[in-house]
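Here are some notes for a first look at this model. Please keep the sequence and the 3D view side by side as you read.

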Amino acid sequence: MSIAENKIKKFENNNCAENNVFYQAMEEVIYSIAPLLESDSRYARHAILERLVVPDRIIKFKVTWLDDSNEVQVNTGYRVQFNNALGPYKGGLRFHPSVNEGILKFLGFEQILKNSLTGLPIGGGKGGSDFDPKGKSDFEVMKFCTAFMTELHKYIGPRIDVPAGDIGVGAREIGYLFGEYKKITSSYEGALTGKPYFFGGSLMRPEATGYGVVYFAQSMLEIENKESLEGKICTVSGAGNVALHVIEKLQAIDAIVVSCSDSHGAIYDQRGVDLELLKELKLNRRVSLQEYVDTHTEATYTSVDEYPKNGHAVWSIACYAAFPCATQNELSEVDAQSLIENGCVSVVEGANMPSTSEAIALLQSHKVCFAPAKAANAGGVAVSEFEMSQNASMAKWSYAKVDEKLKETMQMICKRVALTAKDYGVEGNYVDGANIAGFKKVADAMIAEGI
Ligand code: NDP
(Lines give C-alpha, C1' and ligand atoms only; values in the text may rest on other atoms or scores of the structure.)
Protein backbone atom coordinates (compact mmCIF):
# COMPACT_ATOMS: atom_id res chain seq x y z
CA MET A 1 0.00 0.00 0.00
CA SER A 2 1.42 3.43 -0.97
CA ILE A 3 2.03 6.15 1.61
CA ALA A 4 -0.95 8.12 0.23
CA GLU A 5 -3.33 5.12 0.40
CA ASN A 6 -2.11 4.40 3.91
CA LYS A 7 -2.87 7.91 5.13
CA ILE A 8 -6.23 8.04 3.38
CA LYS A 9 -7.26 4.72 4.93
CA LYS A 10 -6.29 6.01 8.35
CA PHE A 11 -8.41 9.17 8.02
CA GLU A 12 -11.35 7.41 6.31
CA ASN A 13 -12.31 5.73 9.57
CA ASN A 14 -13.98 8.96 10.65
CA ASN A 15 -15.82 9.53 7.38
CA CYS A 16 -19.54 10.40 7.32
CA ALA A 17 -21.80 11.85 4.61
CA GLU A 18 -21.53 15.44 5.88
CA ASN A 19 -17.76 15.22 5.60
CA ASN A 20 -17.69 13.95 1.99
CA VAL A 21 -16.47 17.21 0.47
CA PHE A 22 -13.83 17.55 3.19
CA TYR A 23 -12.49 14.06 2.43
CA GLN A 24 -12.56 14.82 -1.30
CA ALA A 25 -10.34 17.87 -0.71
CA MET A 26 -8.09 16.02 1.72
CA GLU A 27 -7.58 12.99 -0.54
CA GLU A 28 -6.53 15.19 -3.44
CA VAL A 29 -3.91 16.88 -1.26
CA ILE A 30 -2.60 13.58 0.15
CA TYR A 31 -2.12 12.06 -3.31
CA SER A 32 -0.35 15.23 -4.48
CA ILE A 33 2.05 15.52 -1.56
CA ALA A 34 2.96 11.82 -1.33
CA PRO A 35 6.31 12.38 -3.15
CA LEU A 36 7.20 15.11 -0.66
CA LEU A 37 6.30 12.91 2.33
CA GLU A 38 8.40 10.10 0.86
CA SER A 39 11.40 12.32 0.21
CA ASP A 40 11.50 14.13 3.56
CA SER A 41 10.99 12.06 6.71
CA ARG A 42 10.61 15.18 8.92
CA TYR A 43 6.96 15.48 7.89
CA ALA A 44 6.12 11.99 9.14
CA ARG A 45 8.25 12.37 12.30
CA HIS A 46 6.37 15.55 13.23
CA ALA A 47 3.01 14.00 12.21
CA ILE A 48 2.35 17.10 10.09
CA LEU A 49 -0.41 15.59 7.98
CA GLU A 50 -2.21 14.13 11.00
CA ARG A 51 -2.07 17.56 12.65
CA LEU A 52 -2.98 19.52 9.53
CA VAL A 53 -6.22 17.68 8.74
CA VAL A 54 -7.72 18.42 12.16
CA PRO A 55 -8.86 22.01 12.77
CA ASP A 56 -7.39 23.82 15.77
CA ARG A 57 -10.98 24.34 16.90
CA ILE A 58 -14.54 24.39 15.57
CA ILE A 59 -16.79 26.96 17.17
CA LYS A 60 -20.49 26.24 16.79
CA PHE A 61 -23.19 28.52 18.16
CA LYS A 62 -26.88 29.32 18.13
CA VAL A 63 -28.09 32.48 16.39
CA THR A 64 -31.55 33.71 17.36
CA TRP A 65 -33.13 36.70 15.67
CA LEU A 66 -36.53 38.29 15.04
CA ASP A 67 -37.92 38.33 11.48
CA ASP A 68 -40.12 41.09 10.06
CA SER A 69 -43.25 39.35 11.42
CA ASN A 70 -41.70 39.45 14.89
CA GLU A 71 -41.30 35.70 14.89
CA VAL A 72 -38.23 34.16 16.51
CA GLN A 73 -35.90 32.44 14.06
CA VAL A 74 -33.07 30.10 15.01
CA ASN A 75 -29.97 29.33 12.90
CA THR A 76 -26.60 27.73 13.53
CA GLY A 77 -23.35 29.70 13.25
CA TYR A 78 -19.85 28.29 12.85
CA ARG A 79 -16.23 29.35 12.73
CA VAL A 80 -13.65 26.72 11.84
CA GLN A 81 -10.22 27.97 12.96
CA PHE A 82 -8.13 25.51 11.03
CA ASN A 83 -4.45 26.44 11.15
CA ASN A 84 -2.54 29.59 12.16
CA ALA A 85 1.05 28.47 11.53
CA LEU A 86 1.61 31.30 9.02
CA GLY A 87 -0.56 34.07 10.49
CA PRO A 88 -4.01 34.87 11.91
CA TYR A 89 -6.83 32.57 10.75
CA LYS A 90 -8.25 34.03 7.54
CA GLY A 91 -11.15 32.92 5.37
CA GLY A 92 -14.67 33.90 4.42
CA LEU A 93 -18.10 33.51 5.95
CA ARG A 94 -20.74 31.67 3.91
CA PHE A 95 -24.47 32.20 4.50
CA HIS A 96 -26.37 29.48 2.65
CA PRO A 97 -28.91 26.81 3.72
CA SER A 98 -26.45 24.06 2.72
CA VAL A 99 -23.80 25.19 5.23
CA ASN A 100 -22.70 22.53 7.70
CA GLU A 101 -19.53 21.57 9.52
CA GLY A 102 -18.28 19.33 6.67
CA ILE A 103 -18.54 22.07 4.03
CA LEU A 104 -16.78 24.57 6.29
CA LYS A 105 -14.03 22.06 7.09
CA PHE A 106 -13.45 21.49 3.36
CA LEU A 107 -13.34 25.25 2.70
CA GLY A 108 -11.11 25.91 5.72
CA PHE A 109 -8.69 23.15 4.77
CA GLU A 110 -8.38 24.47 1.20
CA GLN A 111 -7.92 27.96 2.62
CA ILE A 112 -4.78 26.94 4.57
CA LEU A 113 -2.93 25.95 1.40
CA LYS A 114 -4.38 28.79 -0.67
CA ASN A 115 -3.27 31.39 1.86
CA SER A 116 0.14 29.76 2.05
CA LEU A 117 0.51 30.05 -1.74
CA THR A 118 0.00 33.83 -1.60
CA GLY A 119 3.26 34.14 0.39
CA LEU A 120 1.40 36.47 2.81
CA PRO A 121 1.27 36.04 6.61
CA ILE A 122 -2.20 34.47 6.89
CA GLY A 123 -3.45 31.18 8.29
CA GLY A 124 -6.59 29.32 7.24
CA GLY A 125 -10.17 29.36 8.53
CA LYS A 126 -13.77 29.50 7.35
CA GLY A 127 -17.16 30.11 8.88
CA GLY A 128 -20.78 30.86 8.21
CA SER A 129 -24.32 29.83 8.87
CA ASP A 130 -27.25 27.93 7.40
CA PHE A 131 -29.08 31.30 7.26
CA ASP A 132 -30.36 32.11 3.75
CA PRO A 133 -30.20 35.84 2.92
CA LYS A 134 -32.24 35.19 -0.24
CA GLY A 135 -35.77 36.59 0.03
CA LYS A 136 -35.00 38.36 3.33
CA SER A 137 -35.47 42.11 3.77
CA ASP A 138 -32.42 44.30 4.42
CA PHE A 139 -33.66 44.71 7.97
CA GLU A 140 -33.84 40.93 8.49
CA VAL A 141 -30.33 40.48 7.09
CA MET A 142 -29.12 43.19 9.47
CA LYS A 143 -30.83 41.56 12.46
CA PHE A 144 -29.34 38.18 11.59
CA CYS A 145 -25.83 39.67 11.12
CA THR A 146 -25.91 41.51 14.44
CA ALA A 147 -27.12 38.37 16.25
CA PHE A 148 -24.38 36.30 14.53
CA MET A 149 -21.70 38.80 15.60
CA THR A 150 -22.95 38.83 19.20
CA GLU A 151 -21.32 35.42 19.49
CA LEU A 152 -18.60 35.52 16.80
CA HIS A 153 -16.86 38.64 18.18
CA LYS A 154 -15.47 36.59 21.08
CA TYR A 155 -13.28 34.60 18.73
CA ILE A 156 -12.03 37.11 16.14
CA GLY A 157 -9.68 40.13 15.97
CA PRO A 158 -7.03 41.62 13.66
CA ARG A 159 -4.29 39.37 15.07
CA ILE A 160 -6.49 36.38 15.85
CA ASP A 161 -8.95 35.61 13.09
CA VAL A 162 -10.12 37.91 10.29
CA PRO A 163 -13.26 36.71 8.43
CA ALA A 164 -14.35 38.02 5.01
CA GLY A 165 -17.20 37.30 2.57
CA ASP A 166 -18.12 34.22 0.54
CA ILE A 167 -21.39 32.91 -0.91
CA GLY A 168 -24.27 34.96 0.53
CA VAL A 169 -21.93 37.40 2.29
CA GLY A 170 -21.11 40.55 0.35
CA ALA A 171 -20.45 44.20 1.25
CA ARG A 172 -23.93 44.60 2.78
CA GLU A 173 -23.47 41.71 5.22
CA ILE A 174 -19.85 42.64 6.03
CA GLY A 175 -21.03 46.21 6.77
CA TYR A 176 -23.62 44.99 9.29
CA LEU A 177 -21.18 42.51 10.84
CA PHE A 178 -18.48 45.17 11.18
CA GLY A 179 -20.95 47.67 12.67
CA GLU A 180 -21.92 45.21 15.38
CA TYR A 181 -18.30 44.17 16.08
CA LYS A 182 -17.37 47.83 16.50
CA LYS A 183 -20.30 48.42 18.84
CA ILE A 184 -19.62 45.41 21.07
CA THR A 185 -15.85 45.83 21.29
CA SER A 186 -15.76 49.65 21.22
CA SER A 187 -12.86 49.43 18.81
CA TYR A 188 -12.45 50.40 15.18
CA GLU A 189 -10.07 47.75 13.92
CA GLY A 190 -9.63 45.46 10.93
CA ALA A 191 -11.32 42.37 12.33
CA LEU A 192 -13.16 41.80 9.03
CA THR A 193 -12.17 42.37 5.41
CA GLY A 194 -14.36 43.09 2.42
CA LYS A 195 -15.63 46.26 4.10
CA PRO A 196 -16.96 49.03 1.85
CA TYR A 197 -14.15 51.43 0.89
CA PHE A 198 -15.47 54.48 2.72
CA PHE A 199 -15.11 52.80 6.11
CA GLY A 200 -11.91 50.82 5.93
CA GLY A 201 -12.23 48.55 2.90
CA SER A 202 -9.59 48.21 0.22
CA LEU A 203 -10.18 49.46 -3.28
CA MET A 204 -10.59 46.47 -5.62
CA ARG A 205 -11.54 43.90 -2.96
CA PRO A 206 -14.89 43.19 -4.70
CA GLU A 207 -13.13 42.67 -8.04
CA ALA A 208 -10.06 40.88 -6.65
CA THR A 209 -11.06 37.21 -6.80
CA GLY A 210 -12.49 37.40 -10.33
CA TYR A 211 -9.75 39.61 -11.76
CA GLY A 212 -7.13 37.41 -10.09
CA VAL A 213 -8.61 34.32 -11.75
CA VAL A 214 -8.14 35.91 -15.16
CA TYR A 215 -4.60 37.09 -14.34
CA PHE A 216 -3.79 33.51 -13.31
CA ALA A 217 -5.31 32.12 -16.52
CA GLN A 218 -3.25 34.51 -18.66
CA SER A 219 -0.07 33.60 -16.82
CA MET A 220 -0.70 29.84 -17.05
CA LEU A 221 -1.52 29.95 -20.77
CA GLU A 222 1.66 31.94 -21.38
CA ILE A 223 3.80 29.44 -19.42
CA GLU A 224 2.18 26.50 -21.21
CA ASN A 225 2.72 28.14 -24.62
CA LYS A 226 -0.97 28.37 -25.43
CA GLU A 227 -2.62 31.29 -27.20
CA SER A 228 -3.87 34.37 -25.37
CA LEU A 229 -7.54 34.72 -24.39
CA GLU A 230 -8.09 37.66 -26.73
CA GLY A 231 -10.90 36.93 -29.17
CA LYS A 232 -11.47 33.46 -27.64
CA ILE A 233 -14.84 32.03 -26.60
CA CYS A 234 -15.02 31.56 -22.83
CA THR A 235 -17.72 29.99 -20.70
CA VAL A 236 -18.35 31.08 -17.11
CA SER A 237 -20.74 29.58 -14.55
CA GLY A 238 -22.27 31.49 -11.64
CA ALA A 239 -23.53 35.05 -11.55
CA GLY A 240 -22.24 36.20 -8.17
CA ASN A 241 -19.23 38.18 -7.06
CA VAL A 242 -16.59 35.91 -8.57
CA ALA A 243 -18.38 35.15 -11.85
CA LEU A 244 -19.32 38.77 -12.60
CA HIS A 245 -15.76 39.98 -12.10
CA VAL A 246 -14.29 37.13 -14.15
CA ILE A 247 -16.67 38.15 -16.94
CA GLU A 248 -15.74 41.83 -16.51
CA LYS A 249 -11.99 41.17 -16.76
CA LEU A 250 -12.37 38.69 -19.64
CA GLN A 251 -14.38 41.26 -21.57
CA ALA A 252 -11.75 43.91 -20.78
CA ILE A 253 -9.09 41.76 -22.48
CA ASP A 254 -11.40 41.15 -25.46
CA ALA A 255 -12.37 37.55 -24.74
CA ILE A 256 -15.96 36.62 -25.65
CA VAL A 257 -17.94 35.32 -22.67
CA VAL A 258 -21.03 33.47 -23.85
CA SER A 259 -22.52 32.04 -20.64
CA CYS A 260 -23.30 32.43 -16.97
CA SER A 261 -25.62 30.61 -14.54
CA ASP A 262 -27.34 30.77 -11.18
CA SER A 263 -28.85 28.10 -8.97
CA HIS A 264 -31.96 27.94 -11.18
CA GLY A 265 -30.51 27.85 -14.68
CA ALA A 266 -27.99 28.93 -17.31
CA ILE A 267 -27.80 31.60 -20.02
CA TYR A 268 -26.16 31.09 -23.42
CA ASP A 269 -25.71 34.32 -25.37
CA GLN A 270 -23.66 33.65 -28.48
CA ARG A 271 -22.88 37.34 -29.08
CA GLY A 272 -21.37 37.73 -25.63
CA VAL A 273 -23.23 38.25 -22.34
CA ASP A 274 -24.53 41.70 -21.42
CA LEU A 275 -22.68 42.41 -18.18
CA GLU A 276 -24.60 45.58 -17.32
CA LEU A 277 -27.86 43.65 -17.47
CA LEU A 278 -26.40 40.81 -15.39
CA LYS A 279 -25.33 43.27 -12.69
CA GLU A 280 -28.77 44.85 -12.71
CA LEU A 281 -30.47 41.44 -12.33
CA LYS A 282 -28.11 39.84 -9.80
CA LEU A 283 -26.63 42.74 -7.80
CA ASN A 284 -29.35 45.38 -7.80
CA ARG A 285 -32.59 43.44 -8.16
CA ARG A 286 -31.38 40.02 -6.90
CA VAL A 287 -33.73 38.12 -9.26
CA SER A 288 -33.45 34.97 -11.36
CA LEU A 289 -31.33 34.96 -14.53
CA GLN A 290 -34.38 33.86 -16.47
CA GLU A 291 -35.27 37.56 -16.88
CA TYR A 292 -32.14 37.99 -19.05
CA VAL A 293 -33.95 36.52 -22.06
CA ASP A 294 -36.80 39.04 -21.70
CA THR A 295 -34.31 41.69 -22.87
CA HIS A 296 -32.12 39.50 -25.10
CA THR A 297 -34.58 37.28 -26.91
CA GLU A 298 -31.85 35.69 -29.06
CA ALA A 299 -30.14 34.28 -25.94
CA THR A 300 -31.31 30.95 -24.47
CA TYR A 301 -32.12 30.03 -20.91
CA THR A 302 -31.90 26.39 -19.71
CA SER A 303 -33.39 25.67 -16.31
CA VAL A 304 -31.63 23.18 -14.01
CA ASP A 305 -34.44 20.66 -14.56
CA GLU A 306 -33.49 20.48 -18.24
CA TYR A 307 -29.78 19.83 -17.60
CA PRO A 308 -28.39 16.62 -19.08
CA LYS A 309 -28.00 13.76 -16.57
CA ASN A 310 -25.06 14.46 -14.21
CA GLY A 311 -24.13 17.40 -16.40
CA HIS A 312 -24.57 21.15 -16.42
CA ALA A 313 -25.77 23.24 -19.36
CA VAL A 314 -22.84 25.70 -19.27
CA TRP A 315 -20.23 22.98 -19.89
CA SER A 316 -21.95 21.65 -23.01
CA ILE A 317 -21.17 24.93 -24.82
CA ALA A 318 -18.06 24.87 -27.05
CA CYS A 319 -15.32 27.12 -25.70
CA TYR A 320 -11.55 27.74 -25.63
CA ALA A 321 -11.47 28.25 -21.84
CA ALA A 322 -13.97 27.38 -19.10
CA PHE A 323 -14.28 29.22 -15.78
CA PRO A 324 -16.44 27.44 -13.15
CA CYS A 325 -17.29 30.19 -10.65
CA ALA A 326 -20.48 29.08 -8.86
CA THR A 327 -20.03 26.35 -6.25
CA GLN A 328 -18.37 23.04 -5.32
CA ASN A 329 -18.68 19.98 -7.59
CA GLU A 330 -20.54 21.82 -10.37
CA LEU A 331 -18.30 20.39 -13.12
CA SER A 332 -18.70 16.62 -13.34
CA GLU A 333 -16.96 13.91 -15.37
CA VAL A 334 -19.80 14.16 -17.93
CA ASP A 335 -19.15 17.90 -18.20
CA ALA A 336 -15.39 17.34 -18.55
CA GLN A 337 -16.09 14.91 -21.40
CA SER A 338 -18.20 17.50 -23.26
CA LEU A 339 -15.57 20.18 -22.74
CA ILE A 340 -12.90 17.89 -24.19
CA GLU A 341 -15.09 16.89 -27.15
CA ASN A 342 -15.79 20.56 -27.85
CA GLY A 343 -12.09 21.47 -27.96
CA CYS A 344 -11.68 23.24 -24.61
CA VAL A 345 -8.01 24.01 -23.96
CA SER A 346 -8.13 25.27 -20.38
CA VAL A 347 -10.26 25.07 -17.23
CA VAL A 348 -9.60 27.69 -14.56
CA GLU A 349 -11.43 27.30 -11.24
CA GLY A 350 -12.97 30.49 -9.81
CA ALA A 351 -15.20 28.77 -7.24
CA ASN A 352 -13.76 26.55 -4.51
CA MET A 353 -13.39 22.92 -5.71
CA PRO A 354 -16.00 23.27 -8.51
CA SER A 355 -14.64 20.22 -10.37
CA THR A 356 -15.07 16.66 -9.15
CA SER A 357 -11.93 14.49 -8.77
CA GLU A 358 -13.04 12.40 -11.77
CA ALA A 359 -13.48 15.51 -13.92
CA ILE A 360 -9.99 16.77 -13.03
CA ALA A 361 -8.40 13.40 -13.83
CA LEU A 362 -10.14 13.27 -17.21
CA LEU A 363 -9.21 16.85 -18.14
CA GLN A 364 -5.58 16.32 -17.15
CA SER A 365 -5.37 13.05 -19.05
CA HIS A 366 -6.46 14.98 -22.17
CA LYS A 367 -3.81 17.67 -21.59
CA VAL A 368 -6.35 20.38 -20.80
CA CYS A 369 -4.50 23.10 -18.80
CA PHE A 370 -6.20 22.85 -15.44
CA ALA A 371 -5.85 25.57 -12.77
CA PRO A 372 -7.08 24.52 -9.31
CA ALA A 373 -9.04 26.97 -7.17
CA LYS A 374 -6.54 27.18 -4.35
CA ALA A 375 -4.08 28.80 -6.75
CA ALA A 376 -6.36 30.50 -9.29
CA ASN A 377 -8.81 32.19 -6.90
CA ALA A 378 -6.27 33.28 -4.28
CA GLY A 379 -6.53 36.92 -5.46
CA GLY A 380 -9.49 37.56 -3.15
CA VAL A 381 -7.69 36.59 0.01
CA ALA A 382 -4.52 38.35 -1.16
CA VAL A 383 -6.36 41.67 -1.46
CA SER A 384 -8.03 40.92 1.89
CA GLU A 385 -4.55 40.77 3.36
CA PHE A 386 -3.74 44.07 1.64
CA GLU A 387 -6.84 45.45 3.42
CA MET A 388 -5.46 44.17 6.75
CA SER A 389 -2.15 45.94 6.05
CA GLN A 390 -3.91 49.19 5.13
CA ASN A 391 -6.08 49.01 8.27
CA ALA A 392 -3.07 48.34 10.50
CA SER A 393 -1.19 51.36 9.13
CA MET A 394 -4.28 53.57 8.60
CA ALA A 395 -3.20 53.88 4.95
CA LYS A 396 -5.27 53.96 1.74
CA TRP A 397 -3.73 52.44 -1.36
CA SER A 398 -4.71 53.61 -4.84
CA TYR A 399 -6.66 51.36 -7.19
CA ALA A 400 -3.63 51.14 -9.49
CA LYS A 401 -1.37 50.02 -6.63
CA VAL A 402 -3.77 47.28 -5.50
CA ASP A 403 -4.26 46.09 -9.08
CA GLU A 404 -0.53 45.97 -9.70
CA LYS A 405 0.12 44.03 -6.48
CA LEU A 406 -2.74 41.65 -7.27
CA LYS A 407 -1.37 40.96 -10.74
CA GLU A 408 2.15 40.42 -9.36
CA THR A 409 0.79 38.05 -6.70
CA MET A 410 -1.16 35.96 -9.21
CA GLN A 411 1.81 35.74 -11.58
CA MET A 412 4.08 34.79 -8.67
CA ILE A 413 1.67 32.04 -7.52
CA CYS A 414 1.38 30.70 -11.05
CA LYS A 415 5.13 30.55 -11.59
CA ARG A 416 5.71 28.98 -8.19
CA VAL A 417 3.09 26.30 -8.79
CA ALA A 418 4.46 25.53 -12.27
CA LEU A 419 8.05 25.35 -10.96
CA THR A 420 7.13 23.14 -8.01
CA ALA A 421 5.32 20.74 -10.34
CA LYS A 422 8.44 20.59 -12.52
CA ASP A 423 10.73 20.04 -9.50
CA TYR A 424 8.61 17.09 -8.37
CA GLY A 425 8.51 15.47 -11.81
CA VAL A 426 4.91 16.34 -12.67
CA GLU A 427 5.45 19.24 -15.07
CA GLY A 428 2.20 20.91 -16.15
CA ASN A 429 0.24 19.45 -13.22
CA TYR A 430 -0.94 22.60 -11.43
CA VAL A 431 -2.97 20.57 -8.90
CA ASP A 432 0.09 18.76 -7.57
CA GLY A 433 2.24 21.89 -7.86
CA ALA A 434 -0.23 23.95 -5.80
CA ASN A 435 -0.72 21.28 -3.16
CA ILE A 436 3.00 20.62 -2.69
CA ALA A 437 4.03 24.30 -2.64
CA GLY A 438 1.17 25.27 -0.30
CA PHE A 439 1.69 22.33 2.04
CA LYS A 440 5.47 22.66 2.28
CA LYS A 441 5.41 26.21 3.59
CA VAL A 442 2.81 25.49 6.27
CA ALA A 443 4.49 22.22 7.22
CA ASP A 444 7.89 23.86 7.60
CA ALA A 445 6.37 26.55 9.83
CA MET A 446 4.64 23.89 11.95
CA ILE A 447 7.94 22.04 12.43
CA ALA A 448 9.74 25.26 13.35
CA GLU A 449 7.01 26.24 15.83
CA GLY A 450 7.06 22.85 17.62
CA ILE A 451 4.08 20.83 18.75
P1 NDP B 1 -22.07 34.65 -4.56
O2 NDP B 1 -23.03 34.34 -3.49
O3 NDP B 1 -21.79 36.07 -4.87
O4 NDP B 1 -22.52 33.94 -5.91
C5 NDP B 1 -22.66 32.58 -6.05
C6 NDP B 1 -23.30 32.36 -7.41
O7 NDP B 1 -23.31 30.98 -7.73
C8 NDP B 1 -24.74 32.84 -7.45
O9 NDP B 1 -25.00 33.39 -8.73
C10 NDP B 1 -25.52 31.55 -7.26
O11 NDP B 1 -26.83 31.56 -7.81
C12 NDP B 1 -24.66 30.61 -8.04
N13 NDP B 1 -24.88 29.23 -7.65
C14 NDP B 1 -24.94 28.70 -6.42
N15 NDP B 1 -25.17 27.39 -6.48
C16 NDP B 1 -25.23 27.09 -7.80
C17 NDP B 1 -25.43 25.90 -8.54
N18 NDP B 1 -25.60 24.74 -7.90
N19 NDP B 1 -25.41 25.96 -9.88
C20 NDP B 1 -25.23 27.14 -10.53
N21 NDP B 1 -25.06 28.29 -9.88
C22 NDP B 1 -25.04 28.27 -8.54
O23 NDP B 1 -20.71 33.88 -4.21
P24 NDP B 1 -19.25 34.17 -4.72
O25 NDP B 1 -19.27 34.57 -6.14
O26 NDP B 1 -18.58 35.02 -3.73
O27 NDP B 1 -18.61 32.72 -4.57
C28 NDP B 1 -18.65 31.76 -5.62
C29 NDP B 1 -17.59 30.70 -5.36
O30 NDP B 1 -16.30 31.34 -5.29
C31 NDP B 1 -17.73 29.91 -4.07
O32 NDP B 1 -17.22 28.63 -4.26
C33 NDP B 1 -16.79 30.68 -3.11
O34 NDP B 1 -16.36 29.86 -2.04
C35 NDP B 1 -15.66 31.00 -4.06
N36 NDP B 1 -14.79 32.10 -3.65
C37 NDP B 1 -15.28 33.35 -3.43
C38 NDP B 1 -14.44 34.38 -3.08
C39 NDP B 1 -14.89 35.79 -2.94
O40 NDP B 1 -14.04 36.68 -2.81
N41 NDP B 1 -16.18 36.08 -2.97
C42 NDP B 1 -13.00 34.14 -2.83
C43 NDP B 1 -12.57 32.79 -3.18
C44 NDP B 1 -13.45 31.84 -3.52
P45 NDP B 1 -28.07 32.31 -7.10
O46 NDP B 1 -27.92 33.75 -7.49
O47 NDP B 1 -29.27 31.64 -7.65
O48 NDP B 1 -27.90 32.09 -5.63
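1. Start with one pair of residues. Ile233 has Ile256 of β7 as its bridge partner. Keep in mind that this is a predicted model.

2. Now widen the view to the two strands. β6 covers residues 233-236 and is joined to β7 by two bridges. The two strands run parallel.

3. Next, place that pair in its sheet. The sheet is open and has five strands, in the order β7-β6-β11-β12-β13. Its pairing is parallel. At the edges are β7 (256-257) and β13 (369-371), each of which pairs on one side only.

4. Turn to another open sheet of five strands. Here the order is β1-β2-β4-β3-β5, and the pairing is mixed. Which strands form its edges? They are β1 (57-66) and β5 (161-164), and each pairs on one side only. From one strand to the next, the twist averages 20°.

5. Look inside this sheet at β3 and β4. Strand β3 spans residues 89-95, and strand β4 spans residues 124-129. Three bridges pair them in the parallel sense. One residue to find here is Leu93, whose bridge partner in β4 is Gly127.

6. Then go to the ligand. Where does it lie relative to the domains? Domain 1 (3-188) gives residues to the shell around the ligand, and so does domain 2 (207-367), so the ligand lies between them.

7. Check the make-up of the shell. There are 22 residues around the ligand. Those that come nearest are Lys134, Asp166, Thr209, Ser263 and Asn352. By class, six residues of the shell are nonpolar, 10 are polar and six are charged. Two helices to pick out are α8 (205-223) and α9 (241-252), since each supplies at least two residues of the shell.

8. Finish with the ligand's oxygen atoms. An N or O atom in the side chain of Ser263 is 2.5 Å from a ligand oxygen. For the side chain of Lys134, an N or O atom is 2.8 Å from an oxygen atom of the ligand. Asn241 uses its backbone instead: an N or O atom there lies 2.9 Å from a ligand oxygen. How much of the ligand does the protein bury? Taken alone, the ligand exposes 890 Å², and the protein buries 83% of that.

Terms used
Residues are numbered from 1 along each chain as its sequence is written. This is a predicted model: local features need pLDDT of at least 70, side-chain atom pairs count only at pLDDT 80 or more; totals for chains, interfaces and linings use all residues. Side-chain values use heavy atoms; hydrogens and water are left out. A residue is near a molecule or strand if one of its heavy atoms lies within 4 Å of it. A polar contact is a pair of N or O atoms within 3.5 Å; within protein, one must be able to donate a hydrogen and the other to accept it, and residues adjacent in sequence count only if both atoms are side-chain atoms. Accessible areas come from the Shrake-Rupley method with a 1.4 Å probe; for residues, only the protein chains shown count as cover. Helices (H or I, at least four residues) and strands (E, at least two) are DSSP runs, numbered from the N terminus. Ala, Val, Leu, Ile, Met, Phe, Trp, Tyr, Cys and Pro count as nonpolar, Asp, Glu, Lys and Arg as charged, and the others, Gly among them, as polar. Domain bounds come from an automatic or database domain assignment. Two strands pair if DSSP finds at least two bridges between them. Axes are lines fitted to C-alpha atoms, for helices over the stretch in contact, and angles run from 0 to 180 degrees between N-to-C directions.
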